[in-house]
Amino acid sequence: MHETLKLGLKDRALLFILFALILIILIFVSFCVSNNYLVLGFNVLFIFTTFFYLMLFLNKHNAGKAKPPTKFPLITVVIPCFNSKNTILECINSIKRIKYPKKVNILVVDDCSTDGSREILRKIKGIELLELEKNCGRSVAVNTALKQVKTEFVIPIDSDSYPESDILMKTMGYFDDASVASVSCLVLPDKRDSLLRKIQTLEYAVSFGLMSTLLSSINSSYVVPGPFTIFRKKVFDIVGYYEAGNMAEDTEFGLRMKNHSMKLMNCHEAVVYTDVPNNIHSLFIQRNRWCRGGTFNFIRYRKLLFNKKNPDFGFFVMPFLFILQIFVVAVLARLVLFMSYDLFVFLQVMFRYLSLGGIISFDMAAIVIPPSLIFFVAAYTLLTMYFLVCFWEVKYKLKLDELLAFVILIFIYPYFVSFTYSQGYFKEIFGVGEAWRRVST
Amino acid sequence: MAKSVYLATVIATIAIVVMLLLWVQTAEENKIGQMNVEIKQISLESQLQSAYEDFDTNNKLVYCTVIEQNIKNTSTRLSELEKDLQSYKSNSFNSPDFYYAKRSYLITSMILFRNFEKAKISCDLNTHTVLFFYSEDKSCEVECGVMGAQLNELSKTCKSFRDFHFPFNWPTYDFTKILEVKYDVNKAGTLVIDGNILDKVVSMDFLKKKLDCN
């Protein structure tokens, strides 16, 4: 276990006040106007966000394509390894298969593994191995290696990630633009053997694919995914190294790069595969970590809000994402409050009605389709369109057996994710929760 | 800054939301329009009943059969309308139209109640009259919910009573106040069965007995 960074009391109070303010406004509005207007408001936000990405796509449809390199600088791949005996060999082999005219150095840092990974690593030829004496966590392990890297480019990669062989030939061309500091790529789950993994595959194809590309096209990408991101080595000399103890160190590092007005790009035609949670519990922990890390880092980097150096990010993406995140939590809280009250009244009525000799009969005619449903239909139609555009753009062929996963992804999964995010949000506000635990990606 | 993208997004969002709102408005106008037509129709039929009574009570056999059938029919339609109005209220955007329709509904309901009371005397109808005063706000959620469910369930199987529902202390309509004063109704969640007040929730068996539903 490693020490987890937590927000200070002042930051937590700020977070709480923001949340309480939005919740109070929502409750006040609920008493003033019909619920339909709340449904309308929520869907307008939904429609606006989807339209934003669609418009951006129409405007920047050439973004994210493969850019073959014209120069071939030296590259080092850094792999932090902790108890990864099942994946490390395949990870290293996949890196060795990468096509690149020059030798790609592989530097593995064993973070004091106890499962025999170290012994496996010692036997592998063609890699450089660093052995840490005690378990320090991913950030420290990567930092240790980064300090030894001498090449112009460096790629930290998770030990359960497997890049495609053409990944460098598709991405290194981005660095022809001297202002580009990092290039990430499309992250996809390596296995699609369960419904949960199929859902995540479709989710990753959207969020790590076109969505990341579109954000990077307006210089607003702020994540450098752990499975595979290429950096200019000098980035670390300028902004420093990964922060130890941060639950979302890649988000923190991305925001720190943004703070230095660096350009983070994404190429969705280059693919890396990674291990993803295969049960609800692991997924819950992972999303909780993402949310807590995201909230923690957004609060710490709030100086990026309305920052003129990154106008799209500072004036739109960051405030919108930040407010949206709190808004979703507040909407859920409001929903739970009101639904609990309605349920409480309903149960009281039913209990008294039944205890006084009443019988229950179901009346189909009592089912009413509210007109506000049309807004849901419109929002979901747009969302489906956008998802299909994303799949088409990243050349992901939706198979017939993935249709159920697609339906769940659109209609059910967001509520699960919102719930995990809400929980993570409250943990961050009240400064509680488990210590640093990295499940995957 | 991608100003053109933001502008296009705002325009597209406004366009689609306005389009959908117009669609919803048209649908709601149609729905409330249909309800208003039905209320008007029931109201006309109820007025005709009143008119018949003035000149045709000598032929009791025909008159009473027609009136009884008509009251049964209109009160069923009225109770359907009440459900429609309630669901319209909780699901629609258009609250002013709702209050106009509700007002028409209440007037019609009172005319029908009055006709029913007259017909009971002139035709010796052996049917109970139930007035149910419910609440439009949250002051009587549980009691009114139980009473409403009981009446709803009983009306499906028991034909020996007619129920008329009125909101207690409705702010914009004082005709219901006449009934409240007449029967000395002091709170929401009150039943008036043949003129007698019952201001608490009772068992289904008690209600069945009171309304001769056994």
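**A walk from the cores to chain B**

Let's start in the middle of things: the largest nonpolar core in this predicted model has 98 residues, and the ones with the most contacts inside it are A:Val77, A:Val78 and A:Ile155. Helix 7 of chain A, running over residues 195–217, gives this core its largest share, with 10 residues. As general background, nonpolar side chains in soluble globular proteins tend to be buried together.

To get a feel for the packing, pick A:Val78 and look around. Leaving aside residues up to four places away in sequence, A:Val78 touches A:Leu107 and A:Val109, then A:Val142, A:Ala145, A:Leu146 and A:Val149, and also A:Val154, A:Ile155 and A:Pro156. One of those partners, A:Ile155, is a residue you've already met among those with the most contacts in the core.

There's also a second core, separate from the big one, with 35 residues. Among its members are B:Ile39, B:Cys140, B:Phe166 and B:Phe168, which brings us to chain B.

Chain B has 6 helices and 4 strands, and if you follow the sequence along, they come in the order α-α-α-β-α-β-α-β-β-α. With a radius of gyration of 22 Å, well over the 17 Å that the globule rule gives for 214 residues, chain B is more spread out than a compact globule. Its C-alpha atoms fill a box of roughly 85 × 40 × 30 Å along the principal axes.

How much of chain B is buried? Buried residues make up 27% of its 214 residues. As for contacts in chain B with a separation of 6 or more, 74% of them are between residues 24 or more positions apart.

Technical notes
Residues numbered from 1 in each chain as written. Chains lettered and ligands numbered in written order. Predicted model: local features only at pLDDT ≥ 70, side-chain atom pairs only at ≥ 80, totals over all residues. Helix = DSSP H or I, 4+ residues; strand = E, 2+ residues; numbered from the N terminus. Rg over C-alpha atoms; globule rule 2.2 N^0.38 Å. Buried ≥ 20, exposed ≤ 12 C-beta atoms within 10 Å, placed from the backbone. Contact = placed C-beta atoms within 7 Å. Core = buried A, V, L, I, M, F, W, Y, C linked by C-beta atoms within 7 Å.
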